[in-house]
Each structure stands twice: as structure tokens, then as C-alpha cells.
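Student: I would like to learn how to read burial, packing and helix geometry from a set of coordinates. Please take me through one case.

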Amino acid sequence: DNERTAYFFDIKFLLAEARANTNPPDWVALEKDLYDILMLATSPIMRNRASCYYAEALVRSNDPSKRTAALSNFQLILLADPKIPENRDYIERALYGCAKIYAAEGKITEAGEMVRRYRELFSNGKYQAELNRLGL
């Protein structure tokens, strides 16, 4: 019951994942679970994880009105230090997510900048093929 234990955060992440995978997804409950993590976590890594998961869930919703919130969450992650190994996966996912959102909105300059940064930090990254398909 102590909301600052690792188990609390693990359960909140599992609940959020389950809510995203229901049909239809329960976006309100997912948002609350991740908001709880963002408000209570003291670890920047934990906050990046929550922001990244939330942004990816919003993108998966295919709701254009949620793109701004997704982009904001991804951009928060991009403020993290890429020299800290625990941040790298979230930064990689955030750069990829930003590039996809900008491309979907027709913001080619911004999308191109995200792709450039991605390739600079992750020359052999796991999203190279997807970014190449964006044609930037």
C-alpha cells in the first residue's frame, strides 16, 4: 500500500499496460495510472519510463487530437542525458516517436531534425528501418 515502493510502480505499469491492451483501451484509467507514477516517482528514470509509455499509448490510439500530449511527453524525455545508460532506450523511443508524429503532421523540417538526432545517437538503432520508411 505504500505508494513509494517499487511494487507500487510495477503494479501501476502493469495496470497501464493491461488498460492499453483492452478492447477498447481504457485511456482514462491508463492516464491515471501513469499520472500517479509521474507524481510520486522520485527517480528521473522512472518518470522517463512513465512518460514514454504514456506517449506511445497515445500514439497507438490513432487519435490525432492526442498527438500534442504524446509529443510533449516525448519531448520531456529528450531533455534527459543520453550519457546515462538507463536513459538511452527512452531517448531512442522518444526520438522515433517525435519523428513519426511530426511526419504525420506534415512537419518535415522537425521530423528531419528528429531523424538526424536519432542517427547521431543511435547509428545502429532499432528504429532505423522505420525511420527510413518516413523518407526523410
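Tutor: Start with burial: a residue is buried under 20% relative accessible area, exposed over 50%, and partly exposed in between, with a 1.4 Å probe and protein chains only. Helices are DSSP runs of H or I with at least four residues, numbered from the N terminus. The model here is predicted, so local features need pLDDT of at least 70 and side-chain atom pairs count only at pLDDT 80 or more, while totals for chains, interfaces and linings use all residues. Residues are numbered from 1 along each chain as its sequence is written, and side-chain values use heavy atoms, with hydrogens and water left out.

Student: Which residues of α6 are exposed on the side away from its buried ones?

Tutor: T109 and E120 are exposed there. The buried residues of α6 are A111, M114, V115 and Y118. These cover an arc of only 100° around the axis, so they sit on the same side of α6; the arc is taken over the directions from the helix axis to the C-beta atoms.

Student: What do the buried residues of α6 pack against?

Tutor: Packing rests on contact, meaning heavy atoms within 4.5 Å. By that criterion, the buried residues of α6 pack against α5 and α7 (128-133). For α2, the buried residues pack against α1 and α3.

Student: Which residues of α2 are buried?

Tutor: They are W27, A29, L30, D33, L34, D36, I37 and L38.

Student: How is a nonpolar core defined, and which residues of the largest one touch the most other members?

Tutor: A nonpolar core is a set of buried Ala, Val, Leu, Ile, Met, Phe, Trp, Tyr and Cys residues joined through side-chain atoms within 4.5 Å. The largest has 40 residues, and L30, L34 and F74 touch the most other members. Helices α1 (6-20), α2 (27-40), α3 (44-60), α4 (67-77), α5 (85-104) and α6 (108-121) each supply at least two residues of this core, with α5 giving the most, 9 residues. Not counting residues up to four places away in sequence, L34 touches F13, A16, A50, Y53 and Y54.

Student: Is N87 buried or exposed?

Tutor: N87, which lies in helix α5, counts as buried because its relative accessibility is 4%. A polar atom of the N87 side chain lies 3.0 Å from the backbone oxygen of D81. Leaving aside neighbours within four places in sequence, N87 is in contact with I45, N48, A80 and D81.

Definitions and conventions:
Polar contact = N/O pair within 3.5 Å; in protein donor to acceptor, adjacent residues only side chain to side chain.
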